[in-house]
Amino acid sequence: MYTYFNDIYLNLLPVYIVFGVFMEEEITESGDSLQSSSCCFPSGVFHCGPENITVTTSGYIILLTWQDDPSCKSVHDVLTYELEVLIADKLVHYEEVAVTSTQIGSTHSWNWSSHLATECASHMLKLRSRFANCTSQWKLEQTVPAAHNHSDLPEVYPRDEVFQVGSRATFCCVVPMGEVLDKLYLVGHSSPKWNVSEINSYTYALTVDLNKASMTSCTDIICKTNTSDNGACAYIGYPPADRDLICETRDFQSVDCMWTAGRNTHLAIGSPTTYQLLESQCAGGSNDRCSHKMQVVSGEWNGTLIAKNQLGTVVLTDRVDLTKRVRMFAPQNVTFNSSNVRLQWEWTTQMYKDLDITCQLNIIDGERHAERQCVGVGLNFAVLNELIPNWTYTVIIRCGTTQHFWKWSEWSSSVEFHTMGDVPDPLDVWTQVKDSQTIITWKVPLPTQSHGDIIDYEITWTPTSKQQKQARVIHPKHSFALSLDSRQDYVVSVGARNKYGSSSPSTITIPILNTGSGGVKLSRTQGSNSGFNLSWSASQTATGGYIIDWCPTIGPCTVDWLKVPPNETNINIFSKDFKDGVRYLLSLHACTHRAPVLLERMEGYFKEKLIQDHLFTLKWKQKNMDVEVSWDPVALEEQSAFIQGYILYYWDNISRVMNVSTDNSHATSLIAKNLQIGSYTFTVKANTAVGQCGATSITATLNSLTDNFIKAIGITLATIFVLLCLIVILCYRNWECIKLKVYPPIPMPVLKDKWSTSLTKQSFHSVFVEMSHHTEEEFMAIPELHSKSEAPVPDFVDQGNVSSQTTNGYHKMPVEKLPTSSTAIPCQTPLLPPPSPPLSSSLVKDGHLNHSFTLNSTDTSVEGSNGYQPQKQREQPEVPENSLPCVLTYILLPQVPSE
Amino acid sequence: MSGGARRPHRRGRMAERPEARAASLAELLSLESAKLLELYRKRENLSGDVLAGAGRLVSVPPPSAQLGAADKLRRLHAALLQCRSLTEGAVAKEDDEMGGGTGEYETLRKTVKERLSSLVNTVGELVKAAGGPTPALTPPASGRGSEPDDPSLFALKLWLFRVFAEVDFWARTAAGALRTLRNARSRGARR
């Protein structure tokens, strides 16, 4: 291995004389031969020459050692050795090594770095001595290339060698006998300047500029022949480049040094950088810090760090008084004593007890943190004040030397503690008038204000002239309604209570006439993402500052408020409860020495929102060729933005969209003028700051004025016709009654003879048949007889059918049900006796006026209107039981006792 | 609690047969070993020229159509045993020469090593069940392939790749063979 060789090389240094001057100029062959030694000695032979020659090779390095022939001791001057290196019988290097007379007799060494790895080709070494004009005979040594082991695979050399980025290197490949080189290249190096040369028939050299560091464990050199392949690794990287050594002590028993690591050497495997601090090797594998045990004393100290790899060495130094470079250890065992609010800790290093120490405390209360600093010799405690009662804190501490401060220690491990409780802070109280009540409300104390669990709130209110009243409200309720006499001032106090006691009361004065906003101007304001940005004119009365409260204009209101100092006249109000599209009413009050005074009212939206469509209820009205579209006023609840006006869009199927608008936010109609006859669509939208919205549409058809006139006449005529029809139907349905009213029947005289009696016993039908042959007087009696022969007629007619006569006799025919009330009632209870019947009349049949038959005294025939001719001999059909509903009621005949 | 008799479990994952477990393990190993091989090739930027000529390290009798199921299992088991031995040696050698790490490559390398060991044991049980001789716990010492041919780093890198390639090859072979065995036994069980 090279390292091993390098160590040998270093060990040989004391006896090794460096003469190595690389011959840049072309070396010509000397032409000398082993036998051509010349001598100026009388004997003709110069015996002083090298002996016991040894050659060691590793990679590119050739190390040659030799000794002087014993005869050299006679030389008392500088003896020169000449060295020649030949590769493939070509001289590649010539060098002379001078040996002084004092060095003669010792072992000499010489090393040289060949451009070609010694494994690649045999290096012939020639060595001889020269003194004055005499030279010894050449001694030959030859390196044996590793490639001569006749491997069955191509062999690449050198293997696992370290190279610096930017250097030029030559690799060789020895191909097995009979194989032909195909490729010889470096993986990952795409440089085209590679030069593959043939050293001999089986050895090829690749010279390459190494411009890339090994990104993997090493860079591969691949040799591929026509039948096989193989490779080798090369480590290409950088020498160490570490810098900025800084040393310090922590415990006065050791020194800790840190430095800035240089760039990656890319030689972590091939030649990792080693570090040596104060001549001791740094362990642990860290490449930027190292410690060394030593007793630290006051005074200058020189720290030295050596960073080394095969490509180079870096020496870093730091000259410092280590007592001024003390980085303390973190405080240990930090504890908190709640009774004396004392934080205390311990030091593990005895030396710290005599040090002037500064400690920094980082106090975290959950969200915020505060820093405090304390100083003292051997400082090991700190008293904390201004802590929130009943609160949990976390504290961490770090310390450093006060004099010659160098660095803070690490933070100690955190310690958590809880402070003792206390009475609550005073409440923030405000008032609100709702209906006839005064609502006293206050903000629920935050955990940082309650200092313990709130139990309840105590409210006292005092009319200026009367006795104090008192009430308690259980937490978490935080308001109280009072019905106060509006004719006097009240002073209301509210206090909170926890287990440690009650807070000092907060008072508010309720004025005599709490008439609300009378006389105060109402303006508009506009919110933004950050809330409402309000500003106002300073008020002389606001000696105690200002209060701004706010509530949604519509809907349930839980008032919220904010106090502003007297010297401020603008503020930004933000609440997480603000909602988009909700109108808020903000009131500015001046805090006086008595009751708050309302100064100003503003209303606005936190963020205006588009009003939903179908906002309006539209109506339209044609006025000549104009159309007025109207709507109801928009309720506040439906306004999610300030309405600045309205716009009416209208269009028919042909023309383009037209519009008419108004900036009057109270308008309730718009007129579209000069329209054409036809169908139009009207859309009304509200104009707001966020755009047009609330779109509502209606469709209307416009008619010509003539059409309207004709339509009116038509409607009138139709109405008259319908009325007439109704009258006719009514008359028809109530004809019997009308007839009876107009022509009441003449009552029959009471007959007591047998005719009458016997007639009663006869069939009704035969009487009827006979009747047609009687005189008018006789005829007039028929109804009476007819009636007499029948059973009592019920009050209603047959519900489903009524009988009618046909030529074939009777058969059932469906008829419409007749309402009993409309036909029978007027007739059931006649107020007057019926009048005499007229000479000519329609015959009542089946209880109805029969319009089909007319009885004429002069005409014996009875003819139906439909041409039907009833036969005299025909048997008269039996009258249904429900016929003649009217007759029975007022035609009363004397009853003949039945036999 | 009800005192009714419990219904027996359906045959499935709850009662996984050894050949099914072995097949699952082999399939998993084949995925992981392929990924490890690719990861190593990229990590070391290995040239395709040398990888193509990488020879075999595992030595088992050649496959033959005359081999019965038990013999096939024995052959597979012998190959996997050699793979396990090679992998353990390769991991130790690599850590010695190049230093260990905790990256993705090292994690996957550990997973493959453990998965391979599980597969060897499972296939060993199958061989036992098939009535073969008790498999040797360690493969017979093999000089060839158990160490890189030469001590150079390049040879080590190439040898590591060859070891991982062998594991990949035999994982895929095992997955195919064990899948076939599992299917055959499933069909047999249904009949």
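## A predicted two-chain model, from one histidine to the interface

At 43% relative accessibility, His404(A) counts as partly exposed, because that class covers values from 20% to 50%. The model in which this residue sits is a predicted one, and every value given here is computed from it. His404(A) lies in the loop between strand 29 (392-401) and strand 30 (415-418) of chain A, and its phi angle is positive, about 50°, although the residue is not a glycine. Asn52(A) also has a positive phi of about 50° without being a glycine, but Asn52(A) is placed in strand 1, which covers residues 50-58 of chain A.

### Chain A as a whole

Chain A has 899 residues, of which 42% count as buried, and its secondary structure consists of 10 helices and 56 strands. Among the contacts in chain A whose partners are separated by 6 or more positions, 64% join residues that are 24 or more positions apart. The surface that chain A exposes amounts to about 48800 Å², and carbon and sulfur atoms supply 53% of it.

Two peptide bonds that lead into a proline in chain A are cis, and the table sets out where each proline is found.

| Peptide bond | Omega | Place of the proline |
|---|---|---|
| Tyr157(A) to Pro158(A), cis | near -5° | loop between strand 9 (155-157) and strand 10 (161-164) of chain A |
| His475(A) to Pro476(A), cis | near 15° | loop between strand 34 (469-474) and strand 35 (479-482) of chain A |

### A buried arginine in chain B

In chain B, Arg109(B) belongs to helix 4, which runs through residues 104-129. Is this arginine buried or exposed? At 6% relative accessibility, Arg109(B) counts as buried, because the class takes in values under 20%. Leaving aside residues up to four places away in sequence, Arg109(B) touches Leu36(B), Val91(B), Glu94(B), Asp95(B) and Phe164(B). With one of these neighbours, Glu94(B), the side chain of Arg109(B) also makes a polar contact of 2.6 Å.

### Where the two chains meet

On the chain B side of the interface, 15 residues are in contact with 19 residues of chain A. Together the two chains bury about 1400 Å² between them, and 53% of that area is on carbon and sulfur atoms. Within chain B, the residues that lose the most area to chain A are Asp49(B), Leu153(B) and Phe154(B), which together account for 43% of what that side buries.

How many salt bridges are counted between chain B and chain A? The count is one, and Lys157(B) forms this salt bridge with Asp220(A), the closest N and O atoms being 2.8 Å apart. Three residue pairs across the interface are in polar contact, with both residues of each pair at pLDDT 80 or more.

Several helices of chain B take part in the side that touches chain A: helix 1 (18-44), helix 2 (48-52), helix 3 (69-98) and helix 5 (153-190) each supply at least two residues. Helix 5 gives the most, with three residues. By residue class, the side of chain B that touches chain A divides into six nonpolar, three polar and six charged residues.

Terms used: Residues are numbered from 1 along each chain as its sequence is written. Chains are lettered from A and ligands numbered from 1 in the order in which they are written. This is a predicted model: local features need pLDDT of at least 70, side-chain atom pairs count only at pLDDT 80 or more; totals for chains, interfaces and linings use all residues. Side-chain values use heavy atoms; hydrogens and water are left out. Contact means heavy atoms within 4.5 Å. Buried area is the accessible area (1.4 Å probe) that two parts lose on being put together, summed over both. A salt bridge is a side-chain nitrogen of Lys or Arg within 4 Å of a carboxyl oxygen of Asp or Glu. A polar contact is a pair of N or O atoms within 3.5 Å; within protein, one must be able to donate a hydrogen and the other to accept it, and residues adjacent in sequence count only if both atoms are side-chain atoms. Helices (H or I, at least four residues) and strands (E, at least two) are DSSP runs, numbered from the N terminus. Ala, Val, Leu, Ile, Met, Phe, Trp, Tyr, Cys and Pro count as nonpolar, Asp, Glu, Lys and Arg as charged, and the others, Gly among them, as polar. Buried means under 20% relative accessible area, exposed over 50%, partly exposed in between (1.4 Å probe, protein chains only). Accessible areas come from the Shrake-Rupley method with a 1.4 Å probe; for residues, only the protein chains shown count as cover.
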